[in-house]
Amino acid sequence: MSAPVTLINPFKVPAGKLEAAIEYWEAHRDFMTQQPGYLSTQLHQSLDEGATYQLINVAIWQSEADFYQAAQKMRQALGHIQVEGLSGNPALYRVIRT
């Protein structure tokens, strides 16, 4: 059995769109929590209002395959939900040192 993988997705949030961005994340979180292989997620907000990435999502998945399958389903189910100017940069990571 492989070790879990971590999704790290930093979001650039346009001025005045923070609440909309959080609602966007919540809708996606609610969908993903129901998918096979989902383990956990947390949304972090920068303490620096001038930070490039105001929000960072950190999610743990049982496997890379589980995440990609869930992401494909999510795009089909929630593809219409958008926040103008919001951009993310998701990538999967594996812990290599503790």
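1. Let's start with Thr6, which counts as buried at 14% relative accessibility. Please keep in mind throughout that this is a predicted model. Thr6 sits in strand β1. Which residues does Thr6 touch, not counting those up to four places away in sequence? They are Val58, Ala59 and Ile60, together with Ala91, Leu92 and Tyr93.

2. The aromatic side chains deserve a look next. Searching the whole structure turns up three aromatic pairs. In one of them, Tyr38 and Trp61, the ring centres are 5.6 Å apart and the planes stand at 80 degrees, so the pair is edge-to-face; planes over 60 degrees apart earn that label. This pair links distant parts of the chain, with Tyr38 in strand β2 (residues 38–45) and Trp61 in strand β3 (residues 55–61), 23 residues apart.

3. Trp61 also pairs with Phe67, again edge-to-face, at 5.7 Å centre to centre and with 70 degrees between the planes. Are these residues buried or exposed? Trp61 is buried, having a relative accessible area of 1%, and Phe67 counts as buried too, at 11% relative accessibility. Tyr38, on the other hand, has 21% relative accessibility and counts as partly exposed. The cut-off for buried is under 20%, so the label of Tyr38 at 21% rests on that limit. Taken together, Tyr38, Trp61, Phe67 and Tyr68 make up one aromatic cluster.

4. Now for the nonpolar interior. In soluble globular proteins, nonpolar side chains tend to be buried together. Here, the largest nonpolar core has ten residues: Val5, Leu7, Met32, Ala59, Trp61, Phe67, Ala70, Ala71, Met74 and Leu78. Strands β1 and β3 and helix α2 each supply at least two residues of this core. Which element gives the most to this core? That is α2, with five residues. Another core lies apart from this one and has seven residues, including Phe11, Val13, Ile22 and Val83.

5. Two members of the aromatic cluster, Trp61 and Phe67, are also members of the largest nonpolar core. Met74 belongs to that core as well. Leaving aside neighbours within four places in sequence, Met74 is in contact with His28, Phe31, Met32 and Gly79.

6. If you are thinking about the pocket, here is its make-up. The largest pocket holds about 600 Å³ of space. Its lining has 27 residues, and those nearest its centre are Asn9, Phe11, Tyr24, His28 and Met74. Met74 is thus named both here and in the largest nonpolar core, while Phe11 is named here and in the other core.

7. Where does the lining of the largest pocket come from? At least two residues each are supplied by β1 (5–12), α1 (18–32), β2, β3, α2 (64–78) and β4 (87–88). Helix α2 gives the most to the lining, with six residues. Sorted by class, the lining has 17 nonpolar, eight polar and two charged residues.

8. Gln35 is worth checking by eye. This residue lies in the loop between α1 and β2, and at 12% relative accessibility Gln35 counts as buried. Not counting residues up to four places away in sequence, Gln35 touches Trp61, Ala70 and Lys73. Of these partners, Trp61 and Ala70 are listed in the largest nonpolar core.

9. Another glutamine, Gln42, has its place in strand β2. How far apart in space are Gln42 and Ala59, C-alpha to C-alpha? The distance is 6.3 Å, although 17 residues separate the two in sequence. Leaving out residues up to four places away in sequence, Gln42 touches Trp25, Ile56, Asn57 and Val58. Val58 also appears among the residues that Thr6 touches.

10. Last comes Ala27 in helix α1. With 24% relative accessibility, Ala27 counts as partly exposed. Beyond its neighbours within four places in sequence, Ala27 is in contact with Leu78 and Ile81. Leu78 is a residue of the largest nonpolar core. Between Ala27 and Lys17, which are ten residues apart along the chain, the C-alpha separation is 15 Å.

Definitions and conventions
Residues are numbered from 1 along each chain as its sequence is written. Side-chain values use heavy atoms; hydrogens and water are left out. Rings of Phe, Tyr and Trp (its six-membered ring) pair if their centres lie within 6.5 Å; planes under 30 degrees apart count as stacked, over 60 as edge-to-face and the rest as tilted. Helices (H or I, at least four residues) and strands (E, at least two) are DSSP runs, numbered from the N terminus. Buried means under 20% relative accessible area, exposed over 50%, partly exposed in between (1.4 Å probe, protein chains only). On a 1 Å grid over the protein atoms alone, a cavity is a set of points where a 1.4 Å probe fits but cannot get out, and a pocket is an open set with protein on both sides within 12 Å along at least five of seven lines; lining residues have an atom within 4 Å of a point. Grid points are joined across faces, edges and corners, and a volume is the space filled by probe spheres set on the points. Ala, Val, Leu, Ile, Met, Phe, Trp, Tyr, Cys and Pro count as nonpolar, Asp, Glu, Lys and Arg as charged, and the others, Gly among them, as polar. A nonpolar core is a set of buried Ala, Val, Leu, Ile, Met, Phe, Trp, Tyr and Cys residues joined through side-chain atoms within 4.5 Å. Contact means heavy atoms within 4.5 Å.
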